[in-house]
Amino acid sequence: MRYKTMTAVAALVLSAPAAFAGGADDDTLAIDGQEMVTKTTAPAHMEETGIDTIMSGWHFREDDTQSMQMDTFDNPGMIFVDQAMDAWNTVEGNAEKSCASCHEGPESMEGVRAVYPKWNEEAGEVRTLAMQINDCRETQMEAEPYKYDSAPMAAMEALISVQSRGMKVDVAIDGPAADTWEQGKDLYYTRTGQLELSCANCHEDNYGNYIRADHLSQGQINGFPTYRLKNARLNTAHGRFKGCVRDTRAETYAPGSPEFVALELYVASRGNGLSVEAPAVRN
């Protein structure tokens, strides 16, 4: 059984001929002329990983895919941002409110995406942006919550995220958020499934190498929600987590579960210092 597992892993991940980050380029990402921070010094908490520089997944993509993200007009993810703009102004629920009723324009969300997930003192928990969106819908609008990784949720996350585009990710991991962060870190390094793979096996040990016919990135989520050419829609971070766990041939957690909330906090903190890019464009 062990031999079969390692054979499967070897078939899944093929080393690139270059160095550890052979799949990453040195190009500069500027969106509508605004330059993004896509490579920077790794956060202090990553010292033990041996990774000195963190890199956006943009650097691991083909030129054609990269160029789609560099112009808002060419970015297919912006179609869903426009849809969310309509939803922002739509009155829903028993309270007869819209998002605009409390927040006016979406520009009021500037800086929000850069600090989520974050500790919510009143609720006594770490909340993701999706959790906060649903809390507003339920408590302020008295409307039905979005399904956690649904198209309307992904679009609303993207609309809010665009307001912080170019700002540096700055997720707090100390204080009351520390326990959740530690849980997420444990999950990141836990091998799962028939392939016995962890997040770290791909995105820490093998980034820059080939997986099937594509390069592995560092797994940064500063570009989520992300438009994937593969399925022609916006994809949430938890949706991607679910797919990754499933690829290890393991039973996966549900989007919005405490496990994935913790994992999002940890993974987001690995991108502290990179620019918010959402909605990014990926394969």
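In this predicted model, the side chain of N75 reaches the backbone nitrogen of G77 at a distance of 2.8 Å. N75 itself belongs to the loop that joins α2 (63-69) to α3 (78-88). Its relative accessibility is 3%, and N75 therefore counts as buried, the cut-off being under 20%. Leaving aside residues up to four places away in sequence, N75 touches M68, Q69, P279 and V281.

Helix α9 offers a second view of the interior. Within this helix, which spans residues 237-247, the buried residues are A237, H238, F241, G243 and V245. An α-helix has 3.6 residues a turn, so residues three or four places apart point the same way. The cover over the buried residues of α9 includes β11 (233-235) and α10 (258-269). Just after α9, R249 adopts a positive phi of about 65 degrees.

The enclosed space in the model can be considered next. Rolling a probe the size of a water molecule over the atoms shows where empty space is left. A search of the whole structure yields two cavities of 30 Å³ or more. The largest cavity has a volume of about 170 Å³. It is lined by 16 residues, and those closest to its centre are R113, E157, F224, A237 and E264. A237 is also among the buried residues of α9. Helices α5, α9 and α10 each contribute at least two residues to the lining of the largest cavity. By character, that lining divides into ten nonpolar, three polar and three charged residues.

The second largest cavity holds about 30 Å³ of space. Its lining is formed by R113, V169, Q220, I221, N222, V267, A268 and G271. R113 thus lines this second cavity and is also listed among the residues closest to the centre of the largest one. Four of the residues lining the second largest cavity are nonpolar, three are polar and one is charged.

Open space is represented here by the second largest pocket, with a volume of about 300 Å³. Its lining comprises 18 residues, of which H103, M109, Q132, I133 and C136 lie nearest the centre. The elements giving two or more residues to this lining are α4 (99-103), α5 (129-140) and α6 (151-162). Helix α5 provides the largest share, six residues. The lining of this pocket consists of 13 nonpolar residues, four polar residues and one charged residue. Helix α5 thus contributes to the lining of the second largest pocket and to that of the largest cavity.

Technical notes:
Residues are numbered from 1 along each chain as its sequence is written. This is a predicted model: local features need pLDDT of at least 70, side-chain atom pairs count only at pLDDT 80 or more; totals for chains, interfaces and linings use all residues. Side-chain values use heavy atoms; hydrogens and water are left out. Helices (H or I, at least four residues) and strands (E, at least two) are DSSP runs, numbered from the N terminus. Buried means under 20% relative accessible area, exposed over 50%, partly exposed in between (1.4 Å probe, protein chains only). A polar contact is a pair of N or O atoms within 3.5 Å; within protein, one must be able to donate a hydrogen and the other to accept it, and residues adjacent in sequence count only if both atoms are side-chain atoms. Contact means heavy atoms within 4.5 Å. On a 1 Å grid over the protein atoms alone, a cavity is a set of points where a 1.4 Å probe fits but cannot get out, and a pocket is an open set with protein on both sides within 12 Å along at least five of seven lines; lining residues have an atom within 4 Å of a point. Grid points are joined across faces, edges and corners, and a volume is the space filled by probe spheres set on the points. Ala, Val, Leu, Ile, Met, Phe, Trp, Tyr, Cys and Pro count as nonpolar, Asp, Glu, Lys and Arg as charged, and the others, Gly among them, as polar.
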